[in-house]
Structures are given as structure tokens and as C-alpha cells.
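Got your viewer open and a selection box ready? Load the model below and follow along, one selection at a time.

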Amino acid sequence: LKEVPGGVEARVVYHRGNEDRNIKAMYLRAFYTAQTSIRVAVPYFADPDIVDALSAAAGRGVKVQLVLPAANNKGIAMRSSRSFYPQLLKAGVEIYEYQGRMAHQKVAVLDGVWSTFGSSNLDSRSLKNNHELNLAILDEKLAGYIGREMFDADLLKSERMLKFSPGLLDRLAGHLYPWL
């Protein structure tokens with residue numbers, strides 16, 4: 001490939017379902033090495049390793065913002081995501097539920113310079129079973145644009161979760177969802 005003046009550094013990260021864990025490895029490394037901020041928006045969020053990485057980041061002082069849909073087209077996915085809220089909130093993660101239509105973007109911005117978007121969700125099924133493809137870009141301008149145009153705008157249309165006590169169905173969904 002030829003370098004383009006003014007271009008950005010970008011990588012395609014592909015995950016072949018049930019064969020590798022490339023996208024999960026990308027996210028985990030990014031979350032464990034973030035210095036100042038992590039902003040994530042996904043519709044399906046229920047992977048214990050991802051939850052642990054985000055909790056650890058918040059615990060070391062990284063500002064972590066998670067935007068999930070308030071209304072999910074898959075009830076079990078929404079309940080499963082919510083089963084992790086207590087751990088995330090205790091760690092200091094800011095959780096926002098987007099109001100209105102189901103938010104279906106799959107995007108993250110870290111430290112105002114690194115971003116990724118593509119087909120991958122952050123649930124166990126997507127990170128293990130599905131064929132997925134994300135683009136990872138190292139560019140401050142793009143990260144700033146995504147932060148302003150998507151995250152800042154979506155936070156205004158979201159309800160921040162300050163506390164949450166999962167019910168029995170939430171906890172059950174959290175345990176069953178990876179196998180459904």
C-alpha cells in the first residue's frame with residue numbers, strides 16, 4: 001500500500017466465528033491500555049471479559065461512558081446487559097440508556113485519538129460465534145468528529161443510570177445469553 005499525504009493509520013480487524021478472537025482481543029487491549037477516556041455505544045453488550053476490562057479502566061481513573069439502547073429489539077439481550085450494571089456502576093462507569101428508537105451503532109472512541117466501528121457487538125455471541133469486521137483508526141480528527149457528532153448528541157437523548165438492581169430475569173439472562 002502506498003502512503004497517502006494527510007491520510008490516517010487504519011487497520012481492518014476481522015473475526016472468523018468460532019475460529020479466532022481478533023476483535024475481542026483488540027477491544028480488551030484497547031480498554032486495558034486506555035489512559036483518559038473510553039466511550040462505547042453498542043446495542044448488544046454482555047461479555048464478562050469486556051465488563052471486567054471496562055470496570056478495571058474506570059477503577060484506574062479512566063472516564064468510561066457506555067451508551068446502550070433503552071429499548072432493545074431482543075429483550076433477553078437488554079436484560080443480559082442490565083445484569084452487568086451493578087458491577088459497572090460500582091467501578092465508576094457512566095451508563096446511559098439511549099431513549100427513543102433502538103440505537104444500533106457499534107462504535108468506540110478511546111483517549112480522543114483511537115476509534116473503531118464495524119459489525120461487532122460487545123456480547124459473547126458476537127465476539128465468539130459470529131463473523132465480524134471492524135475498522136480501527138488512529139486519528140484525532142476522526143475520533144473528535146465521532147465524539148461530537150455521535151456521543152455528545154446521543155448523551156443528550158439518553159438517561160443516565162445512577163443505580164440499578166437487576167431482577168431475577170435480568171440475572172438469569174446474564175447467565176444464559178451467551179448460550180442462546
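Select Glu9 to begin: with a relative accessibility of 43%, it counts as partly exposed, a label for values between the buried class (under 20% relative accessible area) and the exposed class (over 50%), using a 1.4 Å probe and protein chains only. Before going further, note that this is a predicted model: local features need pLDDT of at least 70, side-chain atom pairs count only at pLDDT 80 or more, and totals for chains, interfaces and linings use all residues. Residues are numbered from 1 along each chain as its sequence is written, and side-chain values use heavy atoms, with hydrogens and water left out.

Glu9 sits in strand β1 (residues 9-15); strands (E, at least two residues) and helices (H or I, at least four) are DSSP runs numbered from the N terminus. Now add Asp139: 130 residues separate it from Glu9 along the chain, yet their C-alpha atoms are 7.0 Å apart. Show Ala136, Ile137 and Leu138 too, since Glu9 is in contact with them, leaving aside neighbours within four places in sequence; contact means heavy atoms within 4.5 Å.

**Charged pairs**

Stay on Glu9 and bring up Arg11: their side chains meet in a salt bridge at 3.5 Å, N to O. The term covers a side-chain nitrogen of Lys or Arg within 4 Å of a carboxyl oxygen of Asp or Glu, and the structure holds six of them. Another is Glu19 with Arg16, where the closest N and O atoms are 3.5 Å apart. Glu19 counts as exposed at 60% relative accessibility, while Arg16, at 36%, is partly exposed.

Next, pick Asp47 and Lys24, whose side chains form a salt bridge at 3.3 Å, N to O. This pair links distant parts of the chain, 23 residues apart: Asp47 is in the loop between β3 and α2, and Lys24 is in helix α1. Buried or exposed, what is Asp47? Asp47 counts as buried, at 3% relative accessibility, and Lys24 does too, at 14%. Add Asp49, and you have one network of Lys24, Asp47 and Asp49, joined by salt bridges that share partners.

**Helix α2**

Asp47 also caps the N-terminal end of α2, with a side-chain oxygen 3.1 Å from the backbone nitrogen of Asp49. Select residues 48-59 for the helix itself: at 1.5 Å a residue its 12 residues should span 16 Å, and the end C-alpha atoms are indeed 16 Å apart. That expected span is 1.5 Å times one less than the number of residues. Color Ile50, Val51, Ala53, Leu54, Ser55, Ala57 and Ala58, which are buried. Just past the helix, Gly61 takes a positive phi of about 100°.

**Into the core**

Ile50 leads on to the largest nonpolar core, which has 35 residues; Phe31, Ile38, Phe45, Ile50, Leu88 and Leu122 have the most contacts inside it. A core here is a set of buried Ala, Val, Leu, Ile, Met, Phe, Trp, Tyr and Cys residues joined through side-chain atoms within 4.5 Å. A second, separate core of 12 residues includes Ala143, Met150, Phe151 and Leu155.

**Last stop: Asp123**

Finish in strand β8 (residues 122-123), where you'll find Asp123. Asp123 is buried yet has no salt bridge, and the nearest side chain of opposite charge, Arg125, is 5.7 Å away. For charge, Lys and Arg count as positive and Asp and Glu as negative, with His and the chain ends not counted.

How values were computed:
A polar contact is a pair of N or O atoms within 3.5 Å; within protein, one must be able to donate a hydrogen and the other to accept it, and residues adjacent in sequence count only if both atoms are side-chain atoms.
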